[in-house]
Amino acid sequence: MEEIRQEDEAEKAAGFISVVKLFQMRSLRWQLISVIILMGGQQLSGVNAIYYYADQIYVSAGVNTHDVQYVTVGTGAINVVVTFLAVFVVELLGRRLLILLGFSICFTACCVLTAALALQDSVSWMPYLSIACVISYVIGHALGPSPIPALFITEVFLQSSRSSAFMVGGSVHWLSNFTVGLVFPFIQVGLGPYSFIIFAVICLLTTIYTFLIVPETKAKTFMEINHIFARMNKVSEVHPEKEELTDFPPSALEQ
């Protein structure tokens, strides 16, 4: 109840924060940057490209053309199961660790998959390694990059700015999704088996950013998390005074 009271007082001090104001507030700078990086990394890491390429990988490994759709459904089922397990693991291992672990697995899978695709015509067992890479990538993505960013928004933003933060995060998510779907076919034509190097680099950069910047939010209250970011943003208060009141003289405010 005390935590709820503190958050309520902070909400009254901050007021509603629009999307435009969200980008202008120094006290929310690193929260917003982190959401953009995580949401962008979630889609630009190539999860949809993996599914786009999966059918070709399965066929090259010897899967019957008529059975590929069932194997793809099985891959999607693995995604669902691992995401379901992540719900229970997230409170045990923490959000930050799952993001780091997930993106690291995706980075490794993309690198190995690139080598496997490049060598699949000369090495007989490479197609099977490609299948293992696809499944490993799906597991890694479902552990952290898929579910955690949305949870992260709810924990690093208070009610006054949370809806606007979700607007930004959702926009970045779908714009990134659209970009990958639009650009990947051209990347595939141009780079062939080396297409996933681009996604590997994005996974690596997101991992580095998370390791250096994103704090652990497990077992912390909203106010404790806000204080952590207040120090990162170098502001003295969790919620600075309303900016629209700063232009009024003290006498006007007293009235």
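Here is a short chat about a few salt bridges and a surface patch in this predicted model.

Visitor: What makes Arg95 and Glu91 a salt bridge?
Guide: Their closest N and O atoms are 2.9 Å apart. The cut-off is within 4 Å, so the pair counts.

Visitor: Why is Arg95 called buried?
Guide: Buried means under 20% relative accessible area. Arg95 has 5%, so the label fits.

Visitor: And why is Glu91 called partly exposed?
Guide: Glu91 has 48% relative accessibility. Partly exposed covers values between 20% and 50%, so that's where Glu91 lands.

Visitor: How do you know that Arg95 and Glu155 meet in a salt bridge?
Guide: Check the N to O distance: 2.6 Å. With a limit of 4 Å, that pair qualifies too. Arg95 sits in helix α6 and Glu155 in helix α8, so the pair ties together parts that are 60 residues apart in sequence.

Visitor: What makes Glu91, Arg95 and Glu155 one network?
Guide: Their salt bridges share partners, and that joins them up. The count by this rule is 2 salt bridges.

Visitor: What makes the patch with Leu191 and Tyr194 nonpolar?
Guide: Look at its members: Leu191, Tyr194, Ile197 and Phe211 are among them. Leu, Tyr, Ile and Phe are on the list of nonpolar side chains used for patches. Together the patch residues have about 930 Å² of accessible area, and helix α10 supplies the largest share, 8 residues.

Visitor: How do you know that Leu191 is accessible enough for the patch?
Guide: Patch residues need over 30% relative accessible area. Leu191, which lies in helix α9, has 39%, so it passes that cut-off.

Terms used: Residues numbered from 1 in each chain as written. Predicted model: local features only at pLDDT ≥ 70, side-chain atom pairs only at ≥ 80, totals over all residues. Heavy atoms only, no water. Patch = residues over 30% accessible without salt bridge, like charges linked within 9 Å, V, L, I, M, F, W, Y side chains within 5 Å. Areas by Shrake-Rupley, 256 points an atom, 1.4 Å probe, with all protein chains shown as cover. Salt bridge = Lys/Arg side-chain N within 4 Å of Asp/Glu carboxyl O. Helix = DSSP H or I, 4+ residues; strand = E, 2+ residues; numbered from the N terminus. Buried < 20%, exposed > 50% of the residue type's maximum accessible area, 1.4 Å probe, protein only.
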